[in-house]
Amino acid sequence: MARNNRITLFDLQFASGCTTSPYVWRTKYALAHKGFDIDLVPGGFVGILDRTGGRSDRLPVIVDDDRWVLDSVVIADYLDETYPERPLLFPNPASRAVLRFVDNWIWSTVIDAYFENYIADYHDLSLPGDQPYVRETREKFVGNRPLEVAQAGREDRLPLMPPRFEPLRKLLSETPWIGGDAPDYADFSALGIFLWLASIARTPPFTHDDPMRDWLDRGFDLFGGLGRHPGLNTLFGLQLRPGDPEPFVRNGLGQQVTPTNQGPGAPVEPQR
Ligand SMILES: N[C@@H](CCC(=O)N[C@@H](CS)C(=O)NCC(=O)O)C(=O)O
């Protein structure tokens, strides 16, 4: 298996050559975590079916020697099952449950919140040959409006988003990685979603001092800077205006939701 330690991965790219799909991003991290070199098959949205020989119209897809594996989570399971002697993506049963929670929460917090705010950029950054397809399919996701109309006014919406990330900030103030002392697939999944955001965010979504930055920087630096493609935009530099909400709880990191019970007389009020 994996002749010469190489596995083929079909990429989903923008014109810059940068990966956009969060599912492909996490598969890149999964392959790197398992110690494989990646043979990348470049390409965009149009022609996935042809590139994969009719096997899939969605990506990621990997080929390990002659074995084709579809779907990012199936790929992660395949890698752990086939190569159990290499670092595990799901080191214990809880990691799978954490992945589900992180996926559900971050998808609704990030993808749903940011999709329309960057949807015209998403189109413009696509390969020229993909743009008609991207416009036609994505207009349906934004209520059949022109992408430019959906994106308009984002300067009023973007400052409302950063406070939504407080649960992740709190978690990361207590642990270096979502997976604990070392990153696991839940980190790679979450990093992949932020890398999707970095692939489209032509105006930054977070303030320069956002506490998530340390984890994001460490995550993007993993595996020789896997998340540092020059086509990616910085996530930091959102300019707030008077009246915008505080983007995160200052000096509140590490506080528990309720104080530790130290016996009678201990404070009981929830801390926010
Ligand atoms: N459950 C699949 C989802 C894959 C998926 O939806 N990929 C998207 C990119 S994020 C895709 O290939 N889209 C093709 C298209 O929009 O035409 C996985 O985890 O691999």
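How many helices and strands does the secondary structure of the protein chain come to? The count is 11 helices and 4 strands. Keep in mind as you look around that this is a predicted model.

**The chain as a whole**

Let's start with the overall build. For 272 residues, a compact globule would have a radius of gyration near 19 Å, and the protein chain has 20 Å, so the two agree. Measured out along its principal axes, the C-alpha trace spans about 65 × 50 × 30 Å. As for burial, 33% of the 272 residues count as buried. If you take contacts between residues at least 6 apart in sequence, 75% of them join residues at least 24 apart.

**Around the ligand**

Now for the ligand. Its surroundings include Leu12, Phe45, Arg58, Leu59 and Pro60. Ser21, Pro22 and Tyr23 are also part of the shell, as are Asp71, Ser72 and Val73. By type, the shell divides into 7 nonpolar, 2 polar and 2 charged residues. Helix H1 and helix H3 each supply at least two residues of this shell.

**Trp196, a residue worth a look**

Trp196 sits in helix H10. Is Trp196 buried or exposed? Trp196 counts as buried, because it has 24 C-beta neighbours inside 10 Å, and 20 or more is what it takes. Setting aside its neighbours within four places in sequence, Trp196 is in contact with Thr20, Ser21, Pro22 and Trp25. Two of those names, Ser21 and Pro22, turn up around the ligand too. Tyr23 is another residue to check here: its C-alpha atom is separated from that of Trp196 by 9.0 Å, with their positions 173 residues apart along the chain.

**Helix H11 and its two faces**

Helix H11 covers residues 213-225. A straight helix of 13 residues would span 18 Å, but H11 spans only 15 Å between its end C-alpha atoms. Its buried residues are Trp215, Leu216 and Gly219. These cover an arc of only 105 degrees around the axis, which means they lie on the same side of H11. On the face turned away from that buried side you'll find the exposed residues Asp214, Asp221, Gly224 and Gly225. What do the buried residues of H11 pack against? They pack against helix H9 and helix H10, and H10 is the helix that holds Trp196.

Here are some of the helices met along the way:

| Helix | Residues |
|---|---|
| H1 | 22-33 |
| H3 | 72-82 |
| H9 | 166-174 |
| H10 | 185-200 |
| H11 | 213-225 |

Key:
Residues are numbered from 1 along each chain as its sequence is written. This is a predicted model: local features need pLDDT of at least 70, side-chain atom pairs count only at pLDDT 80 or more; totals for chains, interfaces and linings use all residues. The expected span of a helix is 1.5 Å times one less than its number of residues. A residue is buried if 20 or more other C-beta atoms lie within 10 Å of its own, exposed if 12 or fewer, and partly exposed in between; C-beta atoms are placed from the backbone. The arc is that of the directions from the helix axis to the C-beta atoms. Two residues are in contact if their C-beta atoms, placed from the backbone, lie within 7 Å. A residue is near a molecule or strand if its C-beta atom, placed from the backbone, lies within 6 Å of it. Ala, Val, Leu, Ile, Met, Phe, Trp, Tyr, Cys and Pro count as nonpolar, Asp, Glu, Lys and Arg as charged, and the others, Gly among them, as polar. The radius of gyration is taken over C-alpha atoms; the globule rule is 2.2 Å times the number of residues to the power 0.38.
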